[in-house]
Amino acid sequence: MSDRDVRIFEVGPRDGLQNESVPISTNAKLRFIGLLADAGLREIEATSFVSPKAIPQLADAEAVLAGLERRPGVRYPVLVPNARGMERAEAAGADAICVFTAASEAFTQANINMTITESIDAFRPVIDRARERGWWSRGYVSTAFGCPYQGEVGEAAVVAVAQQLLELGVDELSIGDTIGVAAPADVRRVVGALDTAGIGPDRLAMHFHDTRGTALANVAAALEMGLRTFDASTGGTGGCPYAPGAAGNLATEDLVYLLEREGLEHGVDLDALLVAARHVSETLGRPVSTKVGLAGGWRVP
Ligand code: HMG
Ligand code: MG
């Protein structure tokens, strides 16, 4: 990858839908994933093998993987919280997984009913198995910029959990602003601390929620620090039932527009992406509300 190439890691079918209360059919999810691949996305987080009691919306994870029309060159990672999730993911034919913990104890407890240390212990056999099978893996560090229960989170806590996840052998980390509180100075502080600890931009993705409208500013700050992988959700949906106050993820269409104007390569066709964004809105029965979803790309008359 050249320095002008940016990876967009699409989280719409997972993070985007997990907190929605309207029933969404497996077919509507599969159509969404297909439209995202049509638009050129090459990493599409498809679903989660978590407890259906914790996330009822993704209880059809097996059906989603069974119905997936896999496109060549596209990776479809799934969330796995424990050994049970790994068994389900294997049986369903997954080949890329994401484990997820956080930089704050209170959120980790609320989200996965484990301490941070317990979560690392739970992930060890999962990542061992994934490596044995040659699967790609990622580790999420949530609440890296703030916790809905504990408040401010120091960068030392982020570095500590990041190091533990890397020691397990994950391929990359995604650093999450779960409730959307960060501003560029926070991004510089956290990414700088990771870099000082020897965890450089090539091992990192940034995962911004846009609760307070700072996500694109945070992307710009991260780009300046050499980051080249960003998570985003087409249609701008997203949130976590265990992160009260979290609004949508950074919208993929807003990110694509920014990257385009910055002259960076991203491989996504904006018009085709907006078809996927409209599909999400129709599925959820809500009008499109993202900036670029409303305005479209800019065509010089
Ligand atoms: P627990 O209740 O402590 O688990 O939940 P348990 O091991 O005691 O099991 C309780 C029951 O769940 C049992 O069933 C298990 O079989 C079942 P029962 O005997 O009661 O019928 N169970 C499972 N079923 C299916 N699949 C599994 C599984 N594991 C146990 N994998 C657990 C612990 C981790 C399972 C639960 O808390 C959970 O699933 N949490 C997931 C929460 C979640 O998905 N949150 C959203 C994703 S994180 C996020 O959005 C942040 C992110 O976007 C980044 C950012 O924004 O920062 C990634
Ligand atoms: Mg998230």
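Metal donors are taken here as N, O and S atoms within 2.8 Å of the metal (3.2 Å for Na, K and Ca), and since water is not among the atoms, sites may look incomplete. The model is predicted, so local features need pLDDT of at least 70 and side-chain atom pairs count only at pLDDT 80 or more, while totals for chains, interfaces and linings use all residues. Residues are numbered from 1 along each chain as its sequence is written, chains are lettered from A and ligands numbered from 1 in the order in which they are written, and side-chain values use heavy atoms, with hydrogens and water left out.

The metal site makes a good starting point. Asp15 (OD), His207 (NE2) and His209 (NE2) coordinate the magnesium ion (ligand 2) at 2.0 to 2.3 Å. The spacing of these donor residues in sequence is D-x191-H-x1-H. Distant parts of the chain are linked in this way: Asp15 belongs to helix H1 (residues 12-18), whereas His209 sits in the loop between strand S7 (204-208) and helix H9 (215-224), 194 residues apart. Helices (H or I, at least four residues) and strands (E, at least two) are DSSP runs, numbered from the N terminus. Asp15 is buried, with a relative accessible area of 2%, and His209 is likewise buried at 2%; buried means under 20% relative accessible area, exposed over 50%, and partly exposed in between (1.4 Å probe, protein chains only).

Turning to the sheet, 8 strands form an open arrangement in the order S1-S8-S7-S6-S5-S4-S3-S2, with parallel pairing; two strands pair if DSSP finds at least two bridges between them. Strand S1 (7-10) and strand S2 (47-48) stand at the edges with a single partner strand each, so one side of each has no neighbour in the sheet. S1 pairs with strand S8 (residues 229-232) in the parallel sense over 4 bridges, and Phe9 stands opposite Asp231 in S8. Both faces of S1 are nevertheless covered, with Arg7 and Phe9 buried on one side and Ile8 and Glu10 buried on the other.

Strand S6 (residues 172-177) pairs with strand S5 (residues 136-142) in the parallel sense, over 4 bridges. Glu172 in S6 is the bridge partner of Arg138, and Ile175 in S6 is that of Val141. Because 6 of the 6 residues of S6 are buried, this strand is largely enclosed by the rest of the structure. Glu172, Ser174 and Gly176 line one covered face of S6, and Leu173, Ile175 and Asp177 the other. Ser174 has 0% relative accessibility. Beyond its neighbours within four places in sequence, Ser174 is in contact (heavy atoms within 4.5 Å) with residues including Tyr140, Met206, Asp231 and the metal donor His207.

Ligand 1 has 27 residues around it, of which Gln18, Ser51, Asn113, Ser142 and Thr178 come nearest; a residue counts as near if one of its heavy atoms lies within 4 Å of the molecule. Oxygen atoms of ligand 1 are approached by a backbone N or O atom of Ser51 at 2.8 Å, a polar side-chain atom of Lys53 at 2.9 Å and a polar side-chain atom of Thr178 at 2.6 Å.

Notes
Polar contact = N/O pair within 3.5 Å; in protein donor to acceptor, adjacent residues only side chain to side chain.
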